[in-house]
Amino acid sequence: AMKGMLTALDVLSATNATPGHDNWCVVGQKVIIPDGREGPVTSVNGDICRVLVYGEKYVSLWAHYLIEPADPRYGR
């Protein structure tokens, strides 16, 4: 089980992986998470966007379809 978990963490920690086909996140773009808070995208991996929500100490992982661009001109 530990080896499988480490493999999943390795996949999630790759910061230079290409975005998924439908992933609209761009590094540096400001997004809104479901509870209404905002923050910039710090990296993109597959369908996952890492977001540093303002006021938080660590990034959180979000699937691109669960968050929205803060500026409606960009994204979806």
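Helices and strands are here DSSP runs, with a strand requiring at least two residues (E), and they are numbered from the N terminus. The exercises below concern a predicted model.

**Exercise 1. Determine where leucine 66 is placed and classify its exposure.**

Step 1. Two strands serve as landmarks: β4 covers residues 60–63 and β5 covers residues 68–69. Leucine 66 is located in the loop between β4 and β5.

Step 2. The relative accessible area of leucine 66 is 46%. Partly exposed residues fall between the buried limit, under 20%, and the exposed limit, over 50%. Leucine 66 is therefore partly exposed.

Step 3. For a distance in space, take isoleucine 48, which is 18 residues from leucine 66 along the chain. The C-alpha atoms of leucine 66 and isoleucine 48 are 9.8 Å apart.

**Exercise 2. Find which cysteines form a disulfide, and state which parts of the chain the pair ties together.**

Step 1. Searching the whole structure yields 1 disulfide.

Step 2. The partners are cysteine 25 and cysteine 49, with an S to S distance of 2.0 Å. The criterion for a disulfide is a pair of cysteine sulfur atoms within 2.5 Å.

Step 3. Cysteine 25 belongs to the loop between α1 (2–13) and β1 (30–32), whereas cysteine 49 belongs to strand β3 (residues 48–51); the pair therefore ties together parts that are 24 residues apart in sequence.

Step 4. The angle about the S-S bond is 95°, and the link of cysteine 25 and cysteine 49 is right-handed. Both cysteine 25 and cysteine 49 are buried.

**Exercise 3. Identify the salt bridges formed by arginine 37 and the network that results.**

Step 1. Side chains of opposite charge can pair when their charged atoms come close. The structure contains 3 salt bridges.

Step 2. Arginine 37 meets aspartate 35 in a salt bridge, at 2.8 Å from N to O. Arginine 37 also forms a salt bridge with glutamate 56, where the closest N and O atoms are 2.8 Å apart.

Step 3. The pair of glutamate 56 and arginine 37 links distant parts of the chain, 19 residues apart: glutamate 56 is in the loop between β3 and β4, and arginine 37 is in the loop between β1 and β2 (38–45).

Step 4. Through shared partners, salt bridges join Asp35, Arg37 and Glu56 into one network.

Step 5. Arginine 37 is partly exposed at 34% relative accessible area, and glutamate 56 is partly exposed at 43% relative accessibility.

**Exercise 4. Describe the salt bridge of glutamate 38 and the exposure of its partners.**

Step 1. Glutamate 38 pairs with lysine 30, and the closest N and O atoms are 3.5 Å apart.

Step 2. Glutamate 38, at 29% relative accessibility, is partly exposed. Lysine 30, at 38%, is also partly exposed.

How values were computed:
Residues numbered from 1 in each chain as written. Predicted model: local features only at pLDDT ≥ 70, side-chain atom pairs only at ≥ 80, totals over all residues. Heavy atoms only, no water. Helix = DSSP H or I, 4+ residues; strand = E, 2+ residues; numbered from the N terminus. Buried < 20%, exposed > 50% of the residue type's maximum accessible area, 1.4 Å probe, protein only. Salt bridge = Lys/Arg side-chain N within 4 Å of Asp/Glu carboxyl O.
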